[in-house]
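Student: Before we start, could you take me through this structure by asking what earns each label its place? I would like every term to be set against the rule behind it.

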Amino acid sequence: MNKVTDADIDQKYDELAKTYTMNPGDNDKAFFEDHVKYQIREYFGLKRFMDAHGYTAFSDNFEDLYGMKELPGLATQLLMAEGYGFAGEGDWKTAALDRLMKIISHNKRTAFMEDYTLDLRKGHEAILGSHMLEVDPTLATDKPKIEVHPLDIGGKEDPARLVFAGGEGDAIDVTLADFGDEYRMIMYEVDGHKAEPMPKMPVAKQMWTPKAGLKNGATQWIENGGGHHTVFSFGVTAQQVEDFAKMVNLHLINIK
């Protein structure tokens with residue numbers, strides 16, 4: 001990271017300003033620019049490290065950011081947009097699954113995801129998928145905004161991130177669980193929904209409802225050992241996941 005030049009950072013900043021909406025909000029302009037540029041430094045550092053060693057997926061942990069001022073947010077999102085796999089908190093299995101599904105989908109609308117919370121209002125039953133910062137912009141249906149906000153865990157400085165809403169349509173949500181004597185892939189088909197405006201939740205987000213129904217789908221997910229880290233995709237079909245599982249003799253549960 002320390003070897004990344006200011007010229008490289010400035011060039012990438014100008015590129016991002018043309019691609020996304022820079023939204024300083026209540027932040028001082030210089031403060032905002034400094035924090036966005038720090039994320040760009042992290043982006044180049046991670047990218048060059050992975051490329052030098054032949055890595056195509058990675059994970060990090062907000063508790064282990066030695067020598068870094070911010071948790072990679074925008075940095076990770078930019079890397080995912082380029083096709084690198086990712087999952088948070090050291091979850092290497094989901095990072096690998098993310099990379100695999102990006103290959104299958106040609107990096108179209110496929111993203112690391114987390115079951116963040118539930119909408120239990122009658123007639124609105126859905127899962128809100130998000131993460132602290134790292135939701136893949138390949139899901140975006142509006143023009144993402146770059147924003148800087150505090151992060152209450154990790155004890156680091158305020159990270160920049162892309163904020164946007166996901167899309168609508170048929171999709172799948174998949175996880176990979178380690179049971180000690182086997183790996184188990186758990187999946188359900190879902191209806192994707194665009195999230196309502198949430199001004200007090202300044203992160204990217206995607207909503208969905210399992211086609212099996214929220215209650216039935218969530219119950220079977222838990223009973224079969226599904227975790228809260230997943231890969232969500234509009235670009236990969238359930239049949240493609242089933243075919244892959246057969247190819248590698250992987251136990252697959254498709255919740256109906």
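Tutor: Let us begin with strand pairing, keeping in mind that this is a predicted model. Strand β4 (residues 110–119) is joined to strand β11 (residues 229–233) by 5 bridges, and the two run antiparallel.

Student: What makes β4 and β11 count as paired strands?

Tutor: Pairing asks for at least two bridges between the strands, and β4 and β11 have 5, so the label applies. Within this pair, Glu114 has His229 of β11 opposite to it.

Student: Which further strand pairs with β4, and in which sense?

Tutor: Strand β5 (residues 126–130) pairs with β4 in the antiparallel sense, again over 5 bridges, and Leu118 has Ile127 as its bridge partner in β5. These two strands form a hairpin with 6 residues between them, and Gly123 in the turn has a positive phi of about 85°.

Student: How do you know that β1 and β6 are paired, and how many bridges are there?

Tutor: Strand β1 (residues 21–22) and strand β6 (residues 145–148) share 2 bridges in the parallel sense; since the rule asks for at least two, the pair qualifies. Met22 finds its bridge partner in Ile146 of β6. On β6 there are also 4 bridges to strand β7 (residues 160–163), which runs antiparallel to it, with Val148 standing opposite Ala160.

Student: Why are the buried residues of α5 said to line one face of the helix?

Tutor: In helix α5 (residues 214–223) the buried residues are Leu214, Gly217 and Trp221, buried here being under 20% relative accessible area. Viewed down the axis of α5, these residues fall within an arc of 75°, so they line one face. The face turned away from that buried side carries Lys215, Ile222 and Glu223, which are exposed, that is, over 50%. Just after α5, Gly225 takes a positive phi of about 90°.

Student: What makes an empty space a cavity, and how many does the search find?

Tutor: A cavity is a set of points where a 1.4 Å probe fits but cannot get out, and the search of the whole structure finds 1 of 30 Å³ or more. The volume of the largest cavity is about 30 Å³, and its lining consists of Leu97, Leu100, Met101, Ile104, Val174, Met185, Val241 and Phe244. Two or more residues of that lining come from each of α4 (92–105) and α6 (238–247), and α4 gives the most, with 4 residues. By class the lining has 8 nonpolar, no polar and no charged residues.

Student: What is the class make-up of the lining of the largest pocket?

Tutor: The largest pocket has a volume of about 290 Å³, and of the 16 residues that line it, Lys145, Glu147, Val163, Met198 and Lys205 are the closest to its centre. Its lining divides into 9 nonpolar, 1 polar and 6 charged residues.

Student: Where does the UniProt record place the domains?

Tutor: In an unreviewed entry, UniProt lists "domain: L-arabinose isomerase central" at residues 1–106, a span that is 58% helix and 9% strand, with its end C-alpha atoms 29 Å apart. The record places "domain: L-arabinose isomerase C-terminal" at residues 110–250, likewise in an unreviewed entry; over those residues the chain is 14% helix and 38% strand, and the end C-alpha atoms are 21 Å apart.

Terms used:
Residues numbered from 1 in each chain as written. Predicted model: local features only at pLDDT ≥ 70, side-chain atom pairs only at ≥ 80, totals over all residues. Heavy atoms only, no water. 1 Å grid on protein atoms, 1.4 Å probe; cavity = no way out; pocket = protein on both sides within 12 Å on 5 of 7 lines; lining within 4 Å. Points joined across faces, edges and corners; volume = space filled by probe spheres on them. Nonpolar A, V, L, I, M, F, W, Y, C, P; charged D, E, K, R; others polar. UniProt positions renumbered as here; feature names shortened; annotations may be inferred. Buried < 20%, exposed > 50% of the residue type's maximum accessible area, 1.4 Å probe, protein only. Arc of directions from axis to C-beta.
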